[in-house]
Amino acid sequence: DGRVDWARVRADFPLLMREVHGKPLVYFDNANTGQKPLPVIASQDEFYRRQNANVSRAVHALGTEATEAYEGARGKLARFLNVRADELVLCSGTTFALNLVAYSWALPRLKAGDAILVSRMEHHANIVPWQLVAERTGATIKVAEILPDGSLDLDALYRAMTPEVKLLAVTHVSNVLGTVNPVREICREARRRGIVTVVDGSQAAPHLKLDVPAIGCDFYAITGHKMCGPTGTGALWARREHLQAMPPFIGGGEMIREVSFEGTVFNDPPHKFEAGTPNIAGFIGLGAAVDYLESLGMERVAAREAELLAHATEALQAIPGLRIFGTAPGKAAVISFLVEGAHAHDLATLLDLEGIAVRSGQHCAHPLLQYFGVAATLRASLAFYNTHEEIDRFAAALEKTRRLLVA
Ligand code: PMP
């Protein structure tokens with residue numbers, strides 16, 4: 001009947017069975033990195049046991065198999081995003097993907113007088129590359145503000161889309177607040193004004209059913225390790241015309257067609273942007289992760305996480321002096337919070353002793369925390385394999401530590 005047995009799904013994640021400080025682990029740091037299911041773990045063993053060879057170079061059987069497996073993973077990821085495989089550049093993660101846009105698209109095009117528009121809620125990976133480009137081109141950075149509930153101030157954003165703005169970089173889902181931005185509408189408004197759009201999909205791909213072309217952006221970046229895949233994997237989707245026009249970012253083998261000392265002919269995209277030996281095993285693992293997520297169904301993943309979020313929000317709201325940052329409707333299962341009278345790091349340290357993993361700090365989003373006027377928050381970020389029982393244990397442990405600290 002289309003229902004998922006979530007207890008069986010959880011059993012696919014061996015790490016979740018371990019103990020920490022003698023207590024069963026409660027892993028609520030999924031926005032930082034996700035845990036891996038058995039098929040992904042097995043794919044790594046299988047690759048190095050039976051298939052290991054370099055891609056795109058050798059004609060021998062292993063080389064062909066490795067190439068097919070690597071390109072097969074690109075195909076799986078492309079289907080997951082509903083994009084063409086030849087428009088998907090494989091790279092080490094969102095950070096690399098955004099830097100690729102910064103160095104290959106923005107750096108050669110922008111000049112003094114141009115502006116790059118970013119939002120207040122961006123991760124540093126979607127701020128710093130633009131600052132580096134701005135420094136080198138003389139362009140400026142404009143910031144679109146947010147509202148107190150942690151949603152984007154859309155009126156302010158559209159007003160900020162002035163003629164000097166050439167590029168808009170915005171996150172699909174906030175890693176701190178869980179806000180899901182209306183990227184389709186935002187990209188439509190940007191496009192009407194001739195502004196090229198970059199969407200950071202790191203926190204969206206693990207939780208939402210994606211249809212990247214329907215968003216209408218120019219670039220979409222994802223990272224594999226947050227969506228059940230290995231670390232060091234990710235991708236940049238870009239419209240074909242951009243990939244063709246952009247110069248390569250990194251030079252070396254695999255990305256060329258012909259090299260002589262008179263000059264080099266580059267390979268076609270996406271290979272033009274994939275110099276050197278890639279993380280072959282990692283991408284095969286990411287392909288297995290995509291298969292795994294598709295077997296669950298991303299709509300069912302999203303519904304499960306919405307249910308966990310509702311439970312966790314209710315449980316936390318019962319704790320005296322607890323303040324949640326980010327309450328926009330339809331948000332993802334990320335809860336940033338503070339408890340009056342207790343330091344975030346102290347709480348996280350004491351929670352760790354109870355086996356509970358939450359993140360404390362600034363979550364690579366200093367400007368966002370500045371908006372709220374706080375130096376740090378705690379962040380509990382949930383995934384479909386978490387349970388209602390874990391939420392209750394977390395809430396009880398939090399109340400216990402709060403009483404210890406707020407004497
Ligand atoms: N953007 C957002 C919104 C993120 O949450 C993260 C990961 N914390 C990144 C970018 C960077 O991803 P990575 O470190 O995998 O490149």
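## An open four-stranded sheet

In this predicted model, four strands form an open sheet with antiparallel pairing, in the order 13-14-17-16, where strands are DSSP runs of E of at least two residues and helices are DSSP runs of H or I of at least four residues, numbered from the N terminus, and two strands pair if DSSP finds at least two bridges between them. Strand 13 (322–325) and strand 16 (359–361) stand at the edges with a single partner strand each, so one side of each is left without a neighbour in the sheet. From one strand to the next the twist averages 30°, with axes fitted as lines to C-alpha atoms and angles running from 0 to 180 degrees between N-to-C directions.

Strand 13 pairs with strand 14 (residues 334–339) in the antiparallel sense over four bridges, and R323 stands opposite L338 in strand 14.

## Two domains and their contact

The protein is divided into domain 1 (6–30 + 297–405) and domain 2 (42–294), with bounds that come from an automatic or database domain assignment. The centres of domain 1 and domain 2, taken over C-alpha atoms, are separated by 28 Å. Their contact takes 23 residues from domain 1 and 21 residues from domain 2, two residues being in contact if their C-beta atoms, placed from the backbone, lie within 7 Å.

On the side of domain 1 that touches domain 2, helix 11 (298–317), strand 14 and helix 13 (366–372) each supply at least two residues, and the largest share, five residues, comes from helix 11. By class, this side of domain 1 has 14 nonpolar, five polar and four charged residues; Ala, Val, Leu, Ile, Met, Phe, Trp, Tyr, Cys and Pro count as nonpolar, Asp, Glu, Lys and Arg as charged, and the others, Gly among them, as polar.

## The ligand shell

The ligand is surrounded by 14 residues, of which the closest are G93, T95, H123, N175 and T223; a residue is counted if its C-beta atom, placed from the backbone, lies within 6 Å. The shell divides into two nonpolar, 11 polar and one charged residue.

## The surroundings of A221

A221 lies in strand 9 (residues 219–223) and is buried, with 32 other C-beta atoms within 10 Å (buried means 20 or more such atoms, exposed 12 or fewer, and partly exposed in between, with C-beta atoms placed from the backbone). Leaving aside neighbours within four places in sequence, A221 is in contact with T94, A97, L98, D200, G201, S202 and L236.

## Conventions

Residues are numbered from 1 along each chain as its sequence is written. Because the model is predicted, local features need pLDDT of at least 70 and side-chain atom pairs count only at pLDDT 80 or more, whereas totals for chains, interfaces and linings use all residues.
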